[in-house]
Amino acid sequence: MTARRTTDRAGPADGWTAADLVVGVGARPGVDAAEILALVDAALRELGVPAGAVRLLATVAARRDEAGIVAAADHHHWPVAGYPPARLATVDVPHPSAAVRAALGLPGVAEAACLLPLDPHPAAPRPILLLPKRAGRRATIAVARHPTPTQAAPSPKSPPSPRGR
């Protein structure tokens with residue numbers, strides 16, 4: 001992964017306790033920030049979460065510095081991660097795209113980028129697709145939650161205490 005920049009924020013607003021969402025973005029060259037922001041804002045409204053719940057925007061490396069993607073991320077102070085196509089190709093996407101396969105040789109960008117684990121450790125919790133891809137004219141987005149080990153693990157239960165023994 002290559003990150004364009006980093007941010008240093010306090011926890012998200014509106015009671016959301018962790019910035020654990022990743023928004024995957026697939027885009028055609030020349031996409032504008034307004035289209036991406038409209039897709040992302042609609043997705044966050046649908047999920048009922050604030051913009052502060054987003055950890056980063058993720059895309060294919062060739063689009064990491066696309067002006068519309070950068071401007072959309074800057075609007076919310078999110079970093080942008082660009083992944084090599086070979087890494088995105090390792091992710092099973094639930095809704096593959098024939099157009100993306102023809103153009104990039106990948107089954108998809110938006111879902112693959114948001115589902116690519118941020119923690120490569122095999123025991124780390126796997127990302128969960130919260131919102132499958134949503135397409136606009138020149139961009140597609142998808143949203144996944146990347147739980148931390150403490151968010152993913154069920155709370156330990158104490159064994160029943162022996163009574164009257």
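Q: Which residue is the bridge partner of Leu57 in β4?

A: Val80 is that partner. Keep in mind that this is a predicted model. Val80 and Leu57 belong to a wider pairing: β3 and strand β4 (residues 80-83) run parallel, joined by 4 bridges.

Q: How does the chain get from β3 to β4, and what is the handedness of the crossover?

A: Follow the chain from strand to helix to strand. It leaves β3, passes through α2 and arrives at β4. This β-α-β crossover is right-handed.

Q: In which sense do β2 and β3 pair, and over how many bridges?

A: The sense is parallel, and there are 4 bridges. For one position in β3, look at Ala58: Gly24 stands opposite this residue. Here the chain goes from β2 through α1 to β3, in a right-handed β-α-β crossover.

Q: Why is β3 described as largely enclosed by the rest of the structure?

A: Count its buried residues. In β3, 6 of the 7 residues are buried, so the strand is largely enclosed by the rest of the structure.

Q: How many residues does helix α1 have, and how far does it reach?

A: Compare the helix's reach with the span expected for its residue count. Helix α1 covers residues 33-47, which makes 15 residues. From first C-alpha to last it reaches 21 Å, close to the 21 Å expected at 1.5 Å a residue. Next comes Gly48, with a positive phi near 70°.

Q: Which residues of α1 are buried?

A: They are Ala33, Glu35, Ile36, Leu37, Leu39, Val40, Ala43 and Leu44.

Q: What do the buried residues of α1 pack against?

A: Four strands and a helix are easy to find by number: β2 (21-27), β3 (54-60), β5 (128-135), β6 (139-145) and α2 (67-76).

Q: How many residues are in the largest nonpolar core, and which have the most contacts inside it?

A: Start with the general idea. Nonpolar side chains tend to be buried together in soluble globular proteins. In this model, the largest nonpolar core has 25 residues. Val23, Val25, Ile36 and Ile141 have the most contacts inside it. Elements giving two or more residues to this core are β2, α1, β3, α2 and β6. The most come from α1, which gives 7 residues.

Q: What is Ile36 in contact with, leaving aside its neighbours within four places in sequence?

A: With those neighbours set aside, Ile36 is in contact with Val25, Val31, Gly68, Ile69, Ala72 and Ala139.

Q: How many residues are in the second, separate core?

A: That core has 19 residues, including Val60, Ala81, Leu88 and Ala142.

Technical notes:
Residues numbered from 1 in each chain as written. Predicted model: local features only at pLDDT ≥ 70, side-chain atom pairs only at ≥ 80, totals over all residues. Heavy atoms only, no water. Expected span 1.5 Å × (residues − 1). Buried < 20%, exposed > 50% of the residue type's maximum accessible area, 1.4 Å probe, protein only. Contact = heavy atoms within 4.5 Å. Core = buried A, V, L, I, M, F, W, Y, C linked by side-chain atoms within 4.5 Å. Pairing = 2+ DSSP bridges. Right-handed = clockwise from strand over helix to strand, strands pointing away.
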